[in-house]
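Subject: Handing over a structure

Dear colleague,

Please find below the structure I promised to pass on to you. Could you open it and keep it beside you while you read my notes?

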Amino acid sequence: MTTWDPAQYLRHADHRARPFLDLLARVPDLPRDPARIADLGCGPGNVTALLADRWPTARITGYDNSPEMLDKAHLDHAGPTPGGGSLDFAHADVRTWAPTGSYDLIISNATLQWVLGHLERFADWSGALAPGGTLAFQVPGNFGAPSHRLMRELAASHGLVDALRHEDAVHTPKAYLAHLTALGCTADVWETTYLHLLTGEDPVLDWVKGTGLRPVLTALADDPAARETFLTAYRAALREAYPAGPHGTPFPFRRVFAVARKEA
């Protein structure tokens with residue numbers, strides 16, 4: 001099981017939160033007040049807390065399978081919200097999570113790429129929505145980018161080819177649209193390529209240490225020499241693929257978004 005580091009993940013919190021805010025802006029009003037909301041793959045809870053800003057009275061639960069992330073989420077964000085709602089966190093595996101009762105919003109931020117066969121989960125999740133409820137998610141669509149291609153090549157040279165996700169980890173916007181509309185939802189699907197300007201030394205490596213590189217770092221945790229050999233080679237490759245400019249290092253990052261509303 002991959003070990004996560006909340007502090008490393010949060011080093012780029014502003015950049016990572018922006019897609020969630022863009023997704024949230026397209027979610028329509030929810031059918032009930034107080035709303036019931038599930039955040040699948042909540043991580044350290046920093047974006048889950050943004051849901052309480054939009055729906056102050058909502059009962060919000062963030063789900064994750066990382067003890068490290070859940071500890072951070074509980075510490076920083078759990079409890080009653082200023083608007084009279086509640087924010088809680090619970091352990092769950094998104095691959096098998098089954099809704100109990102009905103939800104007004106099921107949302108997921110940069111998580112479903114870790115869930116093999118996640119298209120097949122949509123029927124259960126949309127079925128648990130209250131009439132007029134919404135299923136919304138965003139996933140990274142950059143698995144063909146140099147950051148991930150180089151990572152896979154180096155991982156293969158260390159015998160870790162199966163540790164990482166490949167380009168089929170996510171689907172095309174057209175595939176998501178077709179699947180969600182086939183479930184009877186009104187769907188809004190789009191993609192955006194962000195051009196993040198990262199600062200600091202080796203910022204792309206620093207970014208992926210918080211997310212995509214975690215399986216490799218976990219696999220090599222007991223072999224410090226192999227881990228350092230990998231990081232040295234990967235660092236050099238990333239410097240060539242993403243050269244620093246006068247104001248920082250440009251880091252293109254494509255993401256795919258979907259907002260599917262159940263018929264009222």
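The notes below deal with one strand and its partners, and then with a pocket.

This is a predicted model, in which local features need pLDDT of at least 70 and side-chain atom pairs count only at pLDDT 80 or more, while totals for chains, interfaces and linings use all residues. Residues are numbered from 1 along each chain as its sequence is written, and side-chain values use heavy atoms, with hydrogens and water left out.

Strand 5 covers residues 103-109 (strands, E, at least two residues, and helices, H or I, at least four, are DSSP runs numbered from the N terminus). Because 7 of its 7 residues are buried, strand 5 is largely enclosed by the rest of the structure; buried means under 20% relative accessible area with a 1.4 Å probe, protein chains only.

Strand 5 runs parallel to strand 1 (residues 36-40), and 4 bridges join them; two strands pair if DSSP finds at least two bridges between them. Here L40 has S108 of strand 5 as its bridge partner. Strand 5 also pairs in the parallel sense with strand 6 (residues 129-140), over 6 bridges, and Y103 stands opposite L129 in strand 6.

The largest pocket is lined by 47 residues, and W4, T111, Q113, W114 and V115 are those that lie nearest its centre. A pocket, on a 1 Å grid over the protein atoms alone, is an open set of points where a 1.4 Å probe fits, with protein on both sides within 12 Å along at least five of seven lines, and lining residues have an atom within 4 Å of a point. Helix 8 (203-209) and strand 8 (249-261) each supply at least two residues of this lining.

Best wishes

Key. Buried means under 20% relative accessible area, exposed over 50%, partly exposed in between (1.4 Å probe, protein chains only).
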